[in-house]
Amino acid sequence: MTTADTNRGASGYVVRPWLGPQPSDDPELQRYAVLASLCVGDGAAAVLLPEPDGARVAAASTIDDGASGTLRSDLAYESLRTGRLVVLTPAESAVSRPEQPVGFVAVPVTTPEGARVAVLFAQTLVEVQPSQVRALGELAVLLAAYLGSRTSLRRAVEAEAELQEITRINRILLAFSEALARTSTVDETLQVVRDLATTQLEASCCTVVLENDGRFDSLDRRGLPLDRPLHYTELAPGADHPGPYAVATGEGVFLDDRSALAERFPGLAEGASAHVDGEAYVPLRVGRRTGWLWLGWAGPHHTFARTRRMKLALARYVGQAIERVELVQARDAVARTLQEAMLTSLPTVPGLELAARYVPAAEDQQVGGDWYDAIHSCGVTTVVIGDVVGHNIAAATRMGSLRSILRGFVADRVQTPAQLLERLDHANIALGTGTMGTALVAQLRGGFDEDGSARVTWSSAGHLAPVVVGADGTTRTFEGTSDLMLGVLEYDRHDHAATLAPGETLLLFTDGLVERRGEPIEESFVRLAGVLGGVGQAPVGDLLDVVLAEMEATGERDDIAVLAVRPV
């Protein structure tokens, strides 16, 4: 096989030689070289392809056992450079290389658009004939078509690869976005970030570092390497470290491996974790606080331009998610404080046991419009259960307004439950609050009957009827109709009378206790009766705890208030 030495022209171009067939070579080009050598008969031929700094002999063939000598790729490069057909007699080629007089022909291979994509050249010991030049020209046309199709195929493959990479990045962004949107606490957010950094980015370590009291601290040290955790946290803003540098510049610091760290931050290489090679410090912001998302890989990790933009976007997602949950948690804390301030401390009433529980909603702001109340005044114990529409801060505020108004009415004078609800409805409408909800007021009057029974007067504004459970486990509900809910219009309400036998427990509750998605309300009441039947003799506080547990009253979708009263 004929070979050629590397040629370097005066302008600095390089023509890389033919080194024989290589595994990465295109066998189709080799066939074109063979055909070209046949075109000149007893000679050698090759295909020259352009490269950024010169050209490369991509295929070669000879049928003269090397008699024509080294391939004259220097002459072929002139054809590639100028785009002109080169035909030389042995005497003409000997001008530049006297020791190698050969007949030579180089045909530029051009696309229909005029781009030079190759040169097909051949050499022989005798003069190249015009018919041979024409044959090579026809072969060059076929080679141009092949190279064009190969380029199109390569571009299609590259486009497919680029599309797959874009799709992969979009999936990663979507996975982070969807998962972070569902978090409700900072700890949950950090756990999601760690999990996704491992599964989606293949990082071995990950944490979020934020400014706190004048230094940068990791929010979650579980994501730091065990051997050198302090290398990545407790850093001063001006420290010579990739993290503070990323914050100061607003640009990410992406280190392919430990050598990149040693080159950019020489003083840090020795203190870095032995388990971390590639790293990324991606700046983020949480409110007014700055920091970075740190990612560490066990091996080298190169960040390309497209993945750099992806990581910057992910850091923004993380910062926004943390800011969101912090705001929600702060709002929840205010709401819980408000709710707790509105929940009543039950009075101590001789002859009665009272207990109450409140379960906040698991969704939204964990507070709501459900409430209970108990007031002992002028020998009358008034118990209230109510439910204002909604379960958020606004509902809790409206509930607090109704509760305060009703407490004032109860303390003002002795009136029946119906009269109290009428006054409450009048005030609610007259003050323009427009609060809608349900409520039930029951009164247990002093002077219990000789057998220990208590006389109960009650009135309902659209609320669920109370349930009574005896010491023997039997259950019943108070008989009487419910009137219109509060906040609709002023309405003549009705009182109902009932008694509680000794040991019987009166249970007042909001709808969150018995309403379940996919379960008819009648079935829920049957289930509640079954639960009460087993705890009728339990202390009222324990009774409520069992009821909430057995009824699976977790406040998943609505808050829950329950109140129990028992004559003793």
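Which residues touch the most other members of the largest nonpolar core? In this predicted model, they are Val208, Leu284, Leu293 and Leu295, out of 33 residues in that core. The elements that give two or more residues to this core are α4 (130-181), α5 (186-199), β8 (205-212), β11, β12 and α8 (305-342). Helix α8 provides the largest share, eight residues. Apart from this core lies another, of 25 residues, including Tyr32, Leu49, Leu136 and Leu143.

Leu295 can be followed further. Its neighbours within four places in sequence are left aside here; beyond them, Leu295 is in contact with Ala197, Leu201, Ala203, Cys205, Cys206, Gly278, Glu279 and Ala280.

**Strand β7 and its partners**

Strand β7 covers residues 116-124, and seven of its nine residues are buried, so the strand is largely enclosed by the rest of the structure. One partner of β7 is strand β3 (residues 43-51), which pairs with it in the antiparallel sense over six bridges. Within this pairing, Ala46 stands opposite Phe121. Strand β6 (residues 103-110) also runs antiparallel to β7, and eight bridges join the two. Here Gly103 stands opposite Thr124. β6 and β7 form a hairpin, with five residues between them.

**Two helices**

Helix α6 spans residues 242-249, and its buried residues are Pro242, Gly243, Pro244 and Ala246. What covers these buried residues includes strands β9 (215-218), β10 (253-255), β11 (279-286) and β12 (289-296), together with helix α7 (258-264). Strands β11 and β12 thus appear twice in this account, since they also give two or more residues to the largest nonpolar core.

Helix α10 (residues 417-430) has 14 residues. From its first C-alpha to its last, α10 reaches 20 Å, close to the 20 Å expected at 1.5 Å a residue. Its buried residues are Pro417, Ala418, Leu420, Leu421, Leu424, Asp425, Ala427 and Asn428. An α-helix has 3.6 residues a turn, so residues three or four places apart point the same way. Among the buried residues of α10 are Leu420, Leu424 and Ala427.

**Glycines with positive phi**

The table lists glycines that take a positive phi, with the place of each.

| Residue | Place | Phi |
|---|---|---|
| Gly114 | in the turn between β6 and β7 | about 95 degrees |
| Gly250 | just after α6 | about 75 degrees |
| Gly432 | just after α10 | about 75 degrees |

Technical notes: Residues are numbered from 1 along each chain as its sequence is written. This is a predicted model: local features need pLDDT of at least 70, side-chain atom pairs count only at pLDDT 80 or more; totals for chains, interfaces and linings use all residues. Side-chain values use heavy atoms; hydrogens and water are left out. Helices (H or I, at least four residues) and strands (E, at least two) are DSSP runs, numbered from the N terminus. The expected span of a helix is 1.5 Å times one less than its number of residues. Buried means under 20% relative accessible area, exposed over 50%, partly exposed in between (1.4 Å probe, protein chains only). Contact means heavy atoms within 4.5 Å. A nonpolar core is a set of buried Ala, Val, Leu, Ile, Met, Phe, Trp, Tyr and Cys residues joined through side-chain atoms within 4.5 Å. Two strands pair if DSSP finds at least two bridges between them.
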